[in-house]
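Please look over the sequence and the model below before reading on. The report that follows takes up charged pairs, a contact between helices, and some residues in loops.

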Amino acid sequence: MRVNELAKELGIPTQKLVNKIKRMKISVASAVSVLSDKDVLRIRKEIKPGAGIKPVKKPPVKQTAAAPKKKAEPKLKKAAKEIKKKPVPPQAVKKPPVEKKPKPVAAALPEVKAAAPQPQKPAVKAPAPKPVPVPAPKPVPKPEIKKEEPPEVYETAIVKSVELILPITVKDLSVKLQVKSSILIKKLIDMKVMAGLNQVLPEEVVRNVCAQLGVEIKQMPRKEEVILRPHKEDDLPGSLRSRPPVATLMGHVDHGKTSLLDVIRKSNVVDKEYGGITQHIGAYQVVVPGGKITFLDTPGHEAFTAMRKRGAHITDIVILVVAADDGVMPQTQEAIDHARAAGVPIIVAINKIDKPQANLDKVKKQLAALGLNPEDWGGKTIMVGVSAKTGEGVSSLLEMILLEAEMLELKANPARAARGVVIEAKMSKGSGPVVTLLIQNGALRKGDSVIAGRYYGKIRAMFDDHGRKIDAAAPSVPIEVLGLSGVPEAGDEFFVIEDEKKARELAALRGEEAGNKEPEASKKITLEELYSQIKEGKIKELKIILKADVQGSLEALLESFNKIESSEVQINILHAGIGAINSSDVILASASNALILGFHVKPDTQAVDIISKEGVEVRTYNVIYELIDELKLALEGLLEPRIKKVFLGKVQVKKVFSLSRSGTIAGCFVTKGKITRNSLVSLERNGQPVYEGKLSSLKRFKDDVREVQEGFECGLSLAGFNDYREGDVIEVYEEQKIARKLSD
């Protein structure tokens, strides 16, 4: 019997039972470990059914312990009242000593008071001490010090530390440092920096100036940090509530991840995918007997490395799907690495156990070699055999997911403003930007102001994973929203901001920062430099305009393009975006002689007319590896072919003739193979190459011929060469061009 099953029977929380069993010195690895019959009988004897409820009710015992303290309080009050009553007799006791002592003290006091006040009063009243402090001279030196400050400030500033928002103007910096602007400008001139009052100083210059003036710079919190500060605050323990786990299905292509999810959802996601592979991340929430689970279905193709990596970082549990007949594959190992990097637990679902070639032990052995030791082998990794075709083992898998979630104690605060991650984003023709969000904390409501990446907006509509309209969503719920001003990047964080004006300001700020970064990236190589390199033959490039339906696909394609490496050819992506191929894309392709590639998108009606007029080549794809394969072929076409020499024959010079009209002719004998009129030749003399070029003429007797076979005589002349000698050997060959691969 498993530990969790025994916990249900005894009515004890699983974790508490695990702890009790460990105290009984019974070896238990986790809540799903199997107990022997002997151990089960022993546990049942010591822990009777319902006995586990008693430790839960221990807190009331603490309350009874606290109760006597509350009862003790009135006794203290009574004691205090009695003490108050008791001081009455001591008052009579105190009176006699007070009567004896105060008399001499009272007699002495008036004498002191009478004598002391008289000399003190004139001392205080005397005007002499007032001028002694010299209040007037104090203000006098102050202006004098102010006059002397500038030369002192030149070396060290008045302030020792200052908070700045960098970069900053000279004028604002002088105010912050309390230094005259003229002195600051002189200091900058000494540093060979020419700047006026309104000149903006870069961070490096500001730090150097402040260091020379002995001022420590403290970076002020950025506007973004101030606006998002409420989301960085920790939740109070009492406000946290349990939330559904987020489980990500990962694994190699065609190992049955989406099919397995179909069985869980009782849906048919597979039919919607082209080529039998998942092209995007799908987010779904399912209700199972033990609770709710949110599933992320990530693609298994190697091109979606970035998408799988993002999926691992936003998940609580990774469901590693491995085919029982195929075993561990490259993307399986990659998924394990991503899950470990994210620090999330792994549950292995060994799929296709219904197939006759299935070998569970082989798969477990391969996984154990990668550090995932099965639980039934003494390890800690839960492994469940399932079949997406028959549904076998699916209920056990769901139970294990909920059990693992119970051990993780996943919690969130549904009472605060929502934050989470953008899973997917696309541009819809009728609805505008459609963004899929996963809420990680807080609750999202219709009408909330949201910022995601550099885009903001008010939530106009919300839909669940079945396409139904909803007004609010809790933590761990995936939803689609409308209302953002643009299409954010997959993996961007989103935040609900109460003030829409602040959200707009933050989006504008992020947009400016993104705009400032773009020109810097384009300065790596100028158009003139690129043109000159192409002209010299150093670089050959394939210009591409890439359009995709969603951000995740675009990201995956760009990641695949970056992996294509060659020193001779390169991909130049002129534009990459989301949405249908439009007229501006076609005009750009026509002007730059580029190729347009579309993934899950087609040209719109206006673009179709321009394509036919301009003759631009547009190719659209539904399966990612088809696009990548064709792109590789196009790049290989730009590579210089490999030249191979193919031997045709050998000719030996027997005699040299000088003719008035034809010039010098070599009389030869074909010793091997043949010689043709268009052949390439290499002339050797005493084993050393003397000439390499082409035949200019080939004759047999007086007639021009196309070829001469082995064993026959011929006369020939070489282009640009007349120095023939008897005994020279001429090797005849032709060149063949062999297409190269990128891997060559």
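A salt bridge is counted where a side-chain nitrogen of Lys or Arg lies within 4 Å of a carboxyl oxygen of Asp or Glu. The structure shown here is a predicted model, and a search of the whole of it finds 21 salt bridges.

One of these joins Glu630 to Arg619, with the closest N and O atoms 3.0 Å apart. Because Glu630 belongs to helix H25 (residues 624-638) and Arg619 to strand E25 (residues 618-621), the pair ties together parts that are eleven residues apart in sequence. Arg619 also meets the side chain of Glu617 in a salt bridge. Glu630 is partly exposed, at a relative accessible area of 34%, and Arg619 is likewise partly exposed, at 33%, while Glu617 counts as partly exposed at 40%. The table sets these pairs beside one formed by Lys699 and Asp704.

| Salt bridge | Closest N to O distance |
|---|---|
| Glu617 and Arg619 | 2.6 Å |
| Glu630 and Arg619 | 3.0 Å |
| Lys699 and Asp704 | 2.8 Å |

Lys699 is partly exposed, with a relative accessible area of 25%. Elsewhere, Arg685, Asp723, Arg725 and Asp728 are joined into one network by salt bridges that share partners.

Lys352 offers a contrasting case, as this residue is buried and yet has no salt bridge, the nearest side chain of opposite charge being that of Asp254, 4.6 Å away. Since a salt bridge requires the nitrogen and oxygen to be within 4 Å, the distance of 4.6 Å does not qualify. Lys352 sits in the loop between strand E10 (346-351) and helix H18 (360-369), and the residues that Lys352 touches include Asp254, His255, Asp325 and Ser387.

How do helix H15 and helix H19 cross? The axes of H15 (residues 257-265) and H19 (residues 394-408) come within 11 Å and cross at roughly 85 degrees, which means that H15 is roughly perpendicular to H19. Leu260, Val263 and Ile264 of H15 make the contact with Val394, Leu397 and Leu398 of H19, and the residues of this contact comprise six nonpolar, no polar and no charged.

Two loop residues remain to be described. Gln178, in the loop between helix H10 (170-177) and helix H11 (181-190), has a positive phi near 60 degrees although this residue is not glycine, and Gln178 is partly exposed, with a relative accessible area of 46%. Ser476, which is not a glycine either, has a positive phi of about 70 degrees; its place is in the loop between strand E19 (472-473) and strand E20 (478-484), where Ser476 is buried at a relative accessible area of 1%.

Methods: Residues numbered from 1 in each chain as written. Predicted model: local features only at pLDDT ≥ 70, side-chain atom pairs only at ≥ 80, totals over all residues. Heavy atoms only, no water. Helix = DSSP H or I, 4+ residues; strand = E, 2+ residues; numbered from the N terminus. Buried < 20%, exposed > 50% of the residue type's maximum accessible area, 1.4 Å probe, protein only. Axes fitted to C-alpha atoms, helices over the stretch in contact; angles between N-to-C directions. Parallel < 35°, antiparallel > 145°, perpendicular 65-115°, else oblique. Contact = heavy atoms within 4.5 Å. Nonpolar A, V, L, I, M, F, W, Y, C, P; charged D, E, K, R; others polar. Lys, Arg positive; Asp, Glu negative; His and termini not counted. Lists of a residue's contacts leave out its neighbours within four places in sequence.
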